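Q: Please take a close look at the surface of this model, and in particular at how its side chains group there. Cover the interior and the backbone where they help to place those groups.

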Amino acid sequence: MREDVVGGIDAHSIFFKILGEHSFIGLGLFISLILLTFSHGRRVIKKTKNIAELAWARHLASMLQVSLIPYLVGGAFLGLSYFDLFYNLGAIMCMLSYIVAKELKEIKAEELSKVNQNKLQVASY
């Protein structure tokens, strides 16, 4: 190392940095977090496709997926593996998935109660 250079050596990619610091197991976990975030988003978009009350969730999931793309592209050239944006987006996506599942259960319960009320009204005639 040259004497006039102050500092250390840094990996030029988030993937190489994770690989260097945590081996293939850590890289696999990091890539699985990325894939899990995208799959949660795809699932939310698919489940809320025809539900007007949950259009906000569909838009949020698609925007979270779009937000991950610049991080991954920039991360291919910079060592931003511990930059908190990715982890925040993943956490928001997981919370969104939980909220959508809860809302879908409530919507289905409301529909079932309406169907049961209609059956009781028809049966009472």
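A: A patch here is made of residues with over 30% relative accessible area and no salt bridge, with like charges joined within 9 Å and nonpolar side chains (Val, Leu, Ile, Met, Phe, Trp, Tyr) within 5 Å. Areas come from the Shrake-Rupley method with a 1.4 Å probe, and for residues only the protein chains shown count as cover. A salt bridge is a side-chain nitrogen of Lys or Arg within 4 Å of a carboxyl oxygen of Asp or Glu. Lys and Arg count as positive, Asp and Glu as negative, while His and the chain ends are left out; each charge is placed at NZ of Lys, CZ of Arg, CG of Asp or CD of Glu.

The model is predicted: local features need pLDDT of at least 70, side-chain atom pairs count only at pLDDT 80 or more, and totals for chains, interfaces and linings use all residues. Residues are numbered from 1 along each chain as its sequence is written, and side-chain values use heavy atoms, without hydrogens or water.

The chain has three helices and zero strands (DSSP runs of H or I with at least four residues, or of E with at least two, numbered from the N terminus). Along the sequence the pattern reads α-α-α.

The negative surface patch consists of Glu53, Glu106, Glu110 and Glu111. Glu111 belongs to helix H3, which spans residues 84–124. With a relative accessible area of 48%, Glu111 is partly exposed (buried is under 20%, exposed over 50%, partly exposed in between).

Charge of the opposite sign gathers in a patch of Arg42, Arg43, Lys46, Lys47 and Lys108. Helix H1 (residues 14–47) is the main contributor to the positive patch, giving four residues. Lys108 sits in helix H3, and Lys108 counts as exposed because its relative accessible area is 56%.

A further surface patch is nonpolar: Ile69, Val73, Phe77, Leu78, Leu80, Phe83 and Leu85 together have about 650 Å² of accessible area. Within that patch, Leu85 is a residue of helix H3; its relative accessibility of 32% makes Leu85 partly exposed.

Turning to the interior, nonpolar side chains in soluble globular proteins tend to be buried together. In this model the largest nonpolar core (buried Ala, Val, Leu, Ile, Met, Phe, Trp, Tyr and Cys joined through side-chain atoms within 4.5 Å) has 21 residues. Phe30, Val44, Tyr71, Phe86, Leu96 and Val100 have the most contacts inside this core. At least two core residues come from each of H1, helix H2 (55–75) and H3, and H3 gives the most, with seven. Over the chain of 125 residues, 28% are buried.

Two pairs of residues show parts of the chain brought together from separate stretches of sequence. Gly90, in helix H3, is buried at 11% relative accessibility. The C-alpha atoms of Gly90 and Leu36 are 8.4 Å apart, although 54 residues separate them along the chain. Ser13, in the segment before H1, is also buried, at 4% relative accessibility. Its C-alpha atom is 9.7 Å from that of Val73, 60 residues away along the chain. Val73 is one of the residues of the nonpolar patch.

One backbone detail remains. Most residues other than glycine have a negative phi. Ser23, in helix H1, has a positive phi near 65°. Ser23 is partly exposed, with a relative accessible area of 35%.

Conventions
Buried < 20%, exposed > 50% of the residue type's maximum accessible area, 1.4 Å probe, protein only.
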